Amino acid sequence: MAVIGIMSAMHEELAAVLAAMPDEQRVRVAGRDFWVGHWHGHDVVAVLSRIGKVAAATTATVLLERFKVDALVFTGAAGGLAPHAQVGDVVVATGLVQHDMDASPLFPRYEVPLYGRARFDTDPALSEALAAAASQVLSDPAQHLGAQAIADFHLLSPRVHQGLIVSGDRFVSTTAESQALQRSLPDALAVEMEGAAVAQVCLDYGVPFAAVRTISDRADDDAHTDFNRFIREVASRYSLAILSQWLMHR
Ligand code: ADE
């Protein structure tokens, strides 16, 4: 049976996934706790991604080499860049770019040297299935979130977007930087700190990859506001519900 790797960006998300797995066993590798078990009848290995491109790439490599996962799904939060990527929306990546990769003038801006590309595509079938699960979950936020969170974060009609996510080793928290990213990468829907690196590792191993991110902030001067509460009360609940919905129907 196929083994599914789940990389969660946040502790709260991983805790929710582990609470849903009936039988997980901890295996410690490279200073990380990998949780091996089952969820909705699937073989699953769940792990905290850690933060930043290198840490996440190491976590992904162990999942692929040691645990032989056949598919890898990343869940977490992201800052919205495109005007329509609003707080509480979910972005399912169709492709990812490292926005801080710049080996120019030796290689074009954003291109990863020796890969001949800047953009790393996600697996279309996996991404479609996760987008369908996300649409199902977001069609009724009240089933997954508390009434106070829905009111405070204005989550009445959240939407699912599919498109480009950009990754870099920066928490983008100024309007100036967010606007600069939008100008130089106009297709980017959202920004985070790991996805493009994990996509690159998955390409190296020929393993299907997908990334699902809940927009937690607008990557602007207010990006830090209520971040932790949003992760706890919204993003981690969406991740759990989307993964659960996806695995139940897989
Ligand atoms: N993850 C969530 N919000 C983010 C932001 N503004 N920048 C980078 N990563 C993020």
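Me: How far is a nitrogen atom of the ligand from a polar backbone atom of glycine 79?
Reply: The distance is 3.3 Å. Keep in mind that this is a predicted model: local features need pLDDT of at least 70, side-chain atom pairs count only at pLDDT 80 or more, and totals for chains, interfaces and linings use all residues. Residues are numbered from 1 along each chain as its sequence is written, and side-chain values use heavy atoms, with hydrogens and water left out.

Me: OK. What about valine 172 and aspartate 217?
Reply: A polar backbone atom of valine 172 is 2.9 Å from a ligand nitrogen. For aspartate 217, an N or O atom of the side chain is 2.6 Å from a nitrogen atom of the ligand.

Me: How much of the ligand does the protein bury?
Reply: The protein buries 95% of the 260 Å² that the ligand exposes when taken alone. Those areas come from the Shrake-Rupley method with a 1.4 Å probe; for residues, only the protein chains shown count as cover.

Me: Which residues come nearest to the ligand?
Reply: Gly79, Phe171, Val172, Glu192 and Asp217 do, out of 13 residues around the ligand. A residue counts as near if one of its heavy atoms lies within 4 Å.

Me: New topic. Is strand E4 mostly covered or mostly open?
Reply: Mostly covered. E4 spans residues 42-48, and 6 of its 7 residues are buried. Buried means under 20% relative accessible area, exposed means over 50%, and partly exposed is in between (1.4 Å probe, protein chains only). Strands (E, at least two residues) and helices (H or I, at least four) are DSSP runs, numbered from the N terminus.

Me: Which way does E4 run against E1, parallel or antiparallel?
Reply: Parallel. E1 is residues 3-8, and 6 bridges link E1 and E4. Two strands pair if DSSP finds at least two bridges between them.

Me: And against E3, parallel or antiparallel?
Reply: Antiparallel this time. E3 is residues 32-39, and 6 bridges join E3 to E4. Aspartate 43 in E4 is the bridge partner of histidine 38. Aspartate 43 is also the bridge partner of valine 3.

Me: What happens in the hairpin of E3 and E4?
Reply: There are 2 residues between the strands, and histidine 40 takes a positive phi near 50 degrees.

Me: Stay on E3. Which side chains make polar contacts with aspartate 33?
Reply: Arginine 28 does, at 2.8 Å. Arginine 26 does too, at 3.3 Å. A polar contact is a pair of N or O atoms within 3.5 Å; within protein, one must be able to donate a hydrogen and the other to accept it, and residues adjacent in sequence count only if both atoms are side-chain atoms.

Me: How open is aspartate 33?
Reply: Aspartate 33 has a relative accessible area of 25%, so this residue is partly exposed.

Me: Now threonine 75. Where does that one sit?
Reply: Threonine 75 is in strand E5, residues 71-80. Its relative accessibility is 2%, so threonine 75 counts as buried. Its side chain makes a polar contact of 2.8 Å with the side chain of glutamate 13.

Me: How far is threonine 75 from threonine 214?
Reply: Their C-alpha atoms are 8.2 Å apart, though 139 residues separate them along the chain.

Me: There's also threonine 59. Is that buried or exposed?
Reply: Buried, at 0% relative accessibility. Threonine 59 lies in helix H2, residues 53-65. A polar atom of its side chain is 2.8 Å from the backbone oxygen of serine 49.

Me: Helices next. Which residues of H5 are buried?
Reply: H5 is residues 175-184, and Glu177, Ser178 and Leu181 are its buried residues. They cover an arc of only 100 degrees around the axis, so they sit on the same side of H5. The arc is that of the directions from the helix axis to the C-beta atoms.

Me: What is on the face turned away from that side?
Reply: The exposed residues Ala176 and Arg183 are there. On the buried side, the cover includes strand E9, residues 188-192.

Me: Last one. How many residues of H6 are buried?
Reply: In H6, residues 195-205, 8 of the 11 are buried. Among them are Val198, Gln200 and Cys202. Just after H6, glycine 206 takes a positive phi of about 65 degrees.

Conventions
Contact = heavy atoms within 4.5 Å.
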